[in-house]
Amino acid sequence: MLHPLLLGAAVQKHVEFKGFTRIRRVAPIAIDTHGGRAKALQRLIRLDFPVPATVAVSFDSVHRIASGELPDVAGLLETFDTPLVSVRPSSQDPDWGGPGAILNIGMNDARHAELTQSHGEEAANAIYLRFVQSYAINVARLDPDMFEMGKGLDNAALKSALDAYEYETDEYFPQDPAAQLLEVLRSMARAWEGTSARLLREARGAPADAGLGLVVQQMVLGVGPGESGSGVIQFADSTTGKSGITGRYLGQSQGRDALRATNGAIYLTNDPRGPSLEGQLPEVFEKLKSIGDTCRTKLREEMQLEFTVENGALHILDATRVTRSARAAVRIAVALANDGIIEKNEAILRIEPRSLSDLLHRHVDPRGKRDVILTGIAASPGAAVGRVVYSASDAQAGAARGEPSILVRRETTPEDIRGMHAAVGVLTERGGVTSHAAVIARGLGLPCVVGASDMRLNHKNKTLVTPDGRTIREGDILTIDGSTGQVLAGAADMLDPALDDAFQTLMGWADAVRDIGVRANADTPAEAQVARNFAAQGIGLCRTEHMFFDEDRLTVMREMIFTDDPKDRAAALDRLLPMQRADFTELFRIMQGQPVCIRLFDPPLHEFLPSDREGMRDLAEALAVPLSDVTRRVESLSEFNPMLGMRGVRLGITVPEIYDMQARAIFEATIEASKQGDPVVPEIMIPLVSARREVEIVKARVDAVAAAVRTERGVDFDYRLGVMVETPRAALRAFDISQHSDFLSFGTNDLTQMTYGLSRDDAGRFMSSYVSQGVFSEDPFHILDAEGVGELLTIGADRARKARPAISISLCGEHGGNPESIAFCRTAGFDYVSCSPYRVPVARLAAAHLALKQPVS
């Protein structure tokens, strides 16, 4: 035991609580009170692994320390046989992070003299110098540059570090082990509860009040006589999840030095490239393999072991869950389930639904042209194409308009997190793989390139200049490749992600337990194919207006707009009929008999006309009409608030020829596609309905078109007609509206706008302020407002079922891919949700989680 003089008499006078527990086989240690690291160490002790004496400091104790209370540090140190200890963080989830480990606490001049005699001067210097540097930087918060001592481990280097500390603090380096330990504990506790750390872990999914435990462990030095050193070993690859031993070992080292060493570290397994632990210490290597196998079966997880060898003896210092990419997490969970170590349902629950986005990212096609304009550090995998923006608010505004944005910053801060949520990719001038931008982007599954220091960034002018002199302005298109660290000019050719057998297996298990359908919003055959690849159960929203913006179709649409006679309009639309029919036939073919819900034409007609004089002149030439006619028609179609003007069903009633043409195209495509494969039962959805009579009028015309096509073709077919509920009145009058509808699908994008009286195109300008001040708990365009908009959904669904008990109810806004929205829809008894194709797997897995965690009675 330690000599009483080393126990810090001054500290003992102010002891207020014990605050620690020795980790033994039966000690009351739990993940939700002491953290995952503490619990893992207890499990290792129960398995009789060679773990040094260890003490756990609970969440509550750490919070009290941060608040200024003093733990019984002297009593804690009495637990150990030697005064040298380490402190490591122990949070509930290792992904939430925490302060870095500090080793060799208790090192002082007297201990240095002892170690010089027992381990040699170089070893003693290395141990003392390491602690002085760690303490100065992480506890005293001194400038790290003051303690960059190079590679020297002589007495001069140690003296230089001690002198630098004394110069900066006006006091000699603390010699009392108890005082040292107290300051380390206090520093770690306060760092965890600081604003920056809290925002960072919240971005990784931690609750605001997440606790931190600390683990205090007796040091095993790893330096000195005999074979000594430290290393890290794991038995599954962090990137792919495939089985295999990875890691490094470095002689005469401590902690995780082997992973950081540029030379001297050796391989673990026999390798033709150099020496290995297996070759030099075969008994230690075999024991590590045995421990790894036992951890996998007994702890039911792939673990990373931090170990130290001291004079040939193996010691296990730490065991943490292997850090893993989303792809690796899926493969590991599926492998554990296939090997009977965990149940399939547990494998499902181990994968966070949002993490799947990392598997689903697109990549730059290596066969395509790569116009590389910048190179930085590959910080988060995947590739993205978007318009350049230089602020988080602009990224949010772009997302509200449906425009993908590449957020360019000098470096990101917690204030940029919402902008990163809204962007499709991030590029920073500064930073490394552990910078704020990199960490947050990986957590969000965002492609990210950091440290592109060769660019000259001017936020005031909203420009960046590349090394070859090109100027990139706001709105320019860039491609960022977070897998290679390259930034490409323009929109590069992209490849869809390759989804392996482990992913397909996991999703199959998820589909077997979920109890709500998942469809995709898909407007083009390409999007439909992605939806099909991701096993969407049909298309829940096909926005047909996107099909009219191709150059050949746009001209015909404009001709139709400039006609005044219904017969002339019908003649113009007849030219669009075969194009629409081909579109729908291809969608039906791809979906192979699965339901396809086609929303009839929705936007106001002015969107198809030019807004500037040059465009109007070009249109006048194309249509061979006077420029004044074009100007008058554009002015006559302009509206003060077009999103609340003549669009949707209002346009379908006043210009019925458009819906007639679309209905005919759908029915003719139905007949054609049914010949080629499974029978097709199309779903036709009327947009922006607010009154029953609107449905009656459109239904009568659609039914008439169906009858005409049946007669002309001599073929019978079925179809379903429904309503997209986007106005509050439609939700409130759902009893009336549903009497003429086979289904209701809630379009929560517009419904949220109309409920709040808030334009989603402009909300990004002030939404961050509203959320930060607690006006809204979240941006209602990102997370469904369950209280306001949700109440309208509940009212509408209930009233619709009273009129037609068998009516199908769904949600087709972009909210449909959010786990929170899916939870709401399950509780409300909706039949399915529909979201963008790349969010379909996320929705499928989220639905499975909810079915397992919250069974609906």
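**Reading features in a predicted model**

Tutor: The side chain of Thr-240 reaches the backbone nitrogen of Lys-242, at 3.2 Å. Please keep in mind that the model before us is predicted.

Student: Where is the place of Thr-240?

Tutor: Thr-240 belongs to the loop between strand E6 (229-236) and strand E7 (243-251).

Student: Does Thr-240 count as buried, exposed or partly exposed?

Tutor: A residue is called buried under 20% relative accessible area and exposed over 50%, with partly exposed in between. Thr-240 has 28% relative accessibility, so it counts as partly exposed.

Student: With which residues is Thr-240 in contact, leaving aside its neighbours within four places in sequence?

Tutor: Contact is judged by heavy atoms within 4.5 Å. With those neighbours set aside, Thr-240 is in contact with Arg-327, Ala-328 and Arg-331. One may also ask about C-alpha atoms: those of Thr-240 and His-361 are separated by 15 Å, while the two residues are 121 residues apart along the chain.

Student: Let us turn to a strand. Why is strand E24 described as largely enclosed by the rest of the structure?

Tutor: The reasoning rests on a count of buried residues. Strand E24 covers residues 539-543, and 4 of its 5 residues are buried, so the rest of the structure largely encloses it.

Student: How many bridges join strand E23 to E24, and how many join E24 to strand E25?

Tutor: Strand E23 (residues 517-521) is joined to E24 by 2 bridges, and these strands run parallel. Within that pair, Asn-521 stands opposite Leu-541. E24 is joined to strand E25 (residues 596-599) by 3 bridges, again in a parallel arrangement. Here Cys-542 of E24 stands opposite Ile-598 of E25.

Student: How many cavities of 30 Å³ or more are there?

Tutor: The general idea is that rolling a probe the size of a water molecule over the atoms shows where empty space is left. In this structure, the count comes to 2 cavities of 30 Å³ or more. The largest has a volume of about 60 Å³, and the second largest a volume of about 40 Å³.

Student: Which residues line the largest cavity?

Tutor: Its lining includes Ser-86, Arg-88, Leu-103, Met-219 and Gln-254. Strand E3 (85-91) and strand E5 (212-218) each supply at least two residues of this lining. By character, the lining divides into 5 nonpolar, 6 polar and 1 charged. For the second largest cavity, the division is 7 nonpolar, 1 polar and 2 charged; Phe-20, Val-57 and Asp-72 are among its lining residues.

Student: With which side chain does Asn-104 make a polar contact?

Tutor: The side chain of Asn-104 makes a polar contact with that of Gln-254, at 2.9 Å. Gln-254 is also one of the residues lining the largest cavity. Asn-104 itself lies in strand E4 (residues 102-105) and, at 0% relative accessibility, counts as buried.

Student: Finally, what is the phi of Asp-170, and what is the phi of Arg-300?

Tutor: Phi is positive in both cases, although neither residue is a glycine. For Asp-170 the angle is about 65°; for Arg-300 it is near 55°. Asp-170 is placed in the loop between helix H8 (155-169) and helix H9 (177-192), and its 72% relative accessibility makes it exposed. Arg-300 is placed in the loop between helix H13 (282-298) and strand E8 (303-310). With a relative accessible area of 31%, Arg-300 is partly exposed.

Key. Residues numbered from 1 in each chain as written. Predicted model: local features only at pLDDT ≥ 70, side-chain atom pairs only at ≥ 80, totals over all residues. Heavy atoms only, no water. Helix = DSSP H or I, 4+ residues; strand = E, 2+ residues; numbered from the N terminus. Buried < 20%, exposed > 50% of the residue type's maximum accessible area, 1.4 Å probe, protein only. Polar contact = N/O pair within 3.5 Å; in protein donor to acceptor, adjacent residues only side chain to side chain. Pairing = 2+ DSSP bridges. 1 Å grid on protein atoms, 1.4 Å probe; cavity = no way out; pocket = protein on both sides within 12 Å on 5 of 7 lines; lining within 4 Å. Points joined across faces, edges and corners; volume = space filled by probe spheres on them. Nonpolar A, V, L, I, M, F, W, Y, C, P; charged D, E, K, R; others polar.
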